[in-house]
Amino acid sequence: MEVMTPLIENPGGVGQEEENSEEDQDPELLPVRHYELGNSHQGITFTQALIHLLKGNIGTGLLGLPLAVRNAGVIVGPLCLVLMGVVCVHCMHILVNCSHHLCERLKRPPLGYSDTVAFSMEHSSYQCFRKSARFGRHLVNFFLVLTQLGFCSAYFVFLAENIKQVAPVPLPTMVPSEPWALDLRLYMLFFLPFLILLVFMKDLKNMAVLSLLANVCMAVSVIIIFQYITTDFGDLHRLPLTSPLGKFPFFFGTAIFAFEGIGVVLPLENQMKEPKRFPTALNIGMGITIVLYVVLATLGYLHFGDDIKGSITLNLPHNAWTNQMVKILYSFGVFVSFAIQFFVPAEIMIPPVQARLRKSWRAPCEMILRGLLVCLTFSFAVLIPRLDLVISLVGAVSSSALALVFPPLVELITFSDRPLKPAMLVKDLVIAVVGFIGFLAGTYVTLAEIVSPEEPPEVIREAAQNLTVNII
């Protein structure tokens, strides 16, 4: 996912409102608001916003969706993917509408995700929310950091698994006919210094050429994957139409991981020349994304069946140079995307630390912190060297909160000063509750699989099914 700079808001936004009150009362000192950008010569066009939306949602999560369909069933999986996509798009619209309402009501400049949550709570009609506004901001920033660092950890595992298939390193043993394969964690260690050097590039503008090349490489890889999986659809009757309820939390975590673009919604809308056209761009971009997700997930599962792995690239045979090229090209795209994903947690976590240091210490401290954060994502990947589990855990823990839980609750808080329609109340509560259930069940089954990988899958699925039924 390509995250844009305006995603990072001023950490002191809520607390500084009173200090800036005199300026806010002077029209000449008011910053340009997002609904005034239509008259500005700056900003991105409709087409550029559409491209950014596609880049923000199409990443490593796309390649794991065939496994998600296996965990839901060949019929239930695609249907649930469409339903989840529609709900996620609706939550994106909710976030945009709440940001609009708060900007117009408070005469504020464009708001990001955590700003929208903080200001909606601060100006709520309920005192308990007003007192918790700063906590709301920190909570959203926490999940943003958790999500982005989780993506980076998934990238470590993805790079190691794919490059291991392309360039296996046999190690001699006492039995020449049975060489040891180099451990997956050593491949991760190989990438560690290069990724540390990559994140030392603090300005995303310097990565424009690399980002363009990465996008081209990933697009070519997806085309080749489609060309391969459409050669044989296999026998539909050999695949289950539905899967046991205990496997569904794995589907939820993987699928919600793929719909990872909610973080770019407000930055894109704020940067458009014509913000009123953004809902149309959002619908078109996410419509294309949902179709791509469903088609690749279904065809990939039909082709490889129950042998599907955490990334469909890992199922491609090694005997064709085009398949090996897919792994190399997509790995290059993921390698470059690491720095883009890393930008968000770095901009949230590092400035508060720098503010406590002398000016001469700030630059070296930033480099050290960047390196330590990369090592943190490396450590998480080493502890869980399975791509499917990393994706499911990150999706269930953090992506579900950002994509499904927070937006409907923000809508209820933002419009709490007016009578709420029963339909809106029921709809928002249902979305938030479903997201929270997915968070609990997905986290539980993934952690159970991580802690007890030797446990029979039936035991874990039965425990997950009982947990899900009890929650409901």
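This briefing describes the fold, the helix packing, the salt bridges and some individual residues of one protein chain.

The model is predicted, and the values below are computed from it. The secondary structure of the chain comes to 18 helices and 2 strands, and of its 472 residues, 53% count as buried. Among contacts between residues at least 6 apart in sequence, 83% join residues at least 24 apart. The chain exposes about 21400 Å², and carbon and sulfur atoms supply 66% of that area.

**Helix H6 and its surroundings**

- Helix H6 (113–122) follows helix H5 (76–106), with a loop between them that contains Lys 107.
- Because 10 of the 10 residues of H6 are buried, this helix is largely enclosed by the rest of the structure.
- The buried residues of H6 include charged and polar ones, among them Asp 115, Glu 122, Ser 114 and Thr 116, as well as Val 117, Phe 119 and Met 121.
- The packing partners of these buried residues are H5, helix H7 (127–131), helix H8 (133–166), helix H12 (265–271) and helix H16 (387–414).
- One of the buried residues of H6, Asp 115, forms a salt bridge with Arg 137, in which the closest N and O atoms are 2.7 Å apart.
- This pair links distant parts of the chain, since Arg 137 belongs to helix H8 and Asp 115 to helix H6, 22 residues apart; both Arg 137 and Asp 115 are buried.

**Packing of H5 against H16**

- Helices H5 and H16, which both receive contacts from H6, also pack against each other at an angle of about 35°, with their axes 9 Å apart.
- The crossing of H5 past H16 is left-handed.
- On the H5 side, the residues that meet H16 include Val 87, Cys 88, Cys 91, Ile 94, Cys 98 and Arg 105.
- On the H16 side, the residues that meet H5 include Ala 403, Leu 404, Pro 407, Pro 408, Glu 411 and Thr 414.

**Salt bridges, and the contacts of H16 with H17**

- A search of the whole structure finds 8 salt bridges.
- Glu 411, one of the H16 residues that meet H5, forms a salt bridge with Lys 427, the closest N and O atoms being 3.1 Å apart.
- This pair also links distant parts of the chain, with Glu 411 in helix H16 and Lys 427 in helix H17, 16 residues apart.
- Glu 411 counts as buried because its relative accessible area is 9%, whereas Lys 427, with a relative accessible area of 25%, is partly exposed.
- Lys 427 has a further salt-bridge partner in Asp 428, at 2.8 Å from N to O.
- Asp 428 lies in helix H17 and counts as buried because its relative accessibility is 0%.
- Leaving aside residues up to four places away in sequence, Asp 428 touches Ile 94, Pro 408, Glu 411 and Leu 412; of these, Ile 94 in H5 and both Pro 408 and Glu 411 in H16 also appear in the interface between H5 and H16.
- Elsewhere, salt bridges that share partners join Arg 386, Asp 388 and Glu 449 into one network.

**A nonpolar patch on the surface**

- Leu 409, Leu 420, Leu 425 and Leu 429 form a nonpolar patch on the surface, and together they have about 280 Å² of accessible area.
- Within this patch, Leu 425 is placed in helix H17, which spans residues 422–451.
- Leu 425 counts as partly exposed because its relative accessibility is 35%.

**Two loop residues**

- Lys 107, in the loop between H5 and H6, has a positive phi of about 55° although it is not a glycine.
- Most residues other than glycine have a negative phi.
- Lys 107 counts as partly exposed because its relative accessibility is 42%.
- Leu 239 is also a loop residue, placed between helix H10 (208–229) and helix H11 (248–258), but it counts as buried because its relative accessibility is 6%.
- The C-alpha atom of Leu 239 is separated by 6.8 Å from that of Val 74, although the two residues are 165 residues apart along the chain.
- Not counting residues up to four places away in sequence, Leu 239 touches Val 74, Tyr 301, Leu 302, Gly 305 and Asp 306.

How values were computed: Residues numbered from 1 in each chain as written. Predicted model: local features only at pLDDT ≥ 70, side-chain atom pairs only at ≥ 80, totals over all residues. Heavy atoms only, no water. Patch = residues over 30% accessible without salt bridge, like charges linked within 9 Å, V, L, I, M, F, W, Y side chains within 5 Å. Areas by Shrake-Rupley, 256 points an atom, 1.4 Å probe, with all protein chains shown as cover. Salt bridge = Lys/Arg side-chain N within 4 Å of Asp/Glu carboxyl O. Helix = DSSP H or I, 4+ residues; strand = E, 2+ residues; numbered from the N terminus. Buried < 20%, exposed > 50% of the residue type's maximum accessible area, 1.4 Å probe, protein only. Contact = heavy atoms within 4.5 Å. Axes fitted to C-alpha atoms, helices over the stretch in contact; angles between N-to-C directions. Left-handed = near helix turned anticlockwise from the far one by under 90°.
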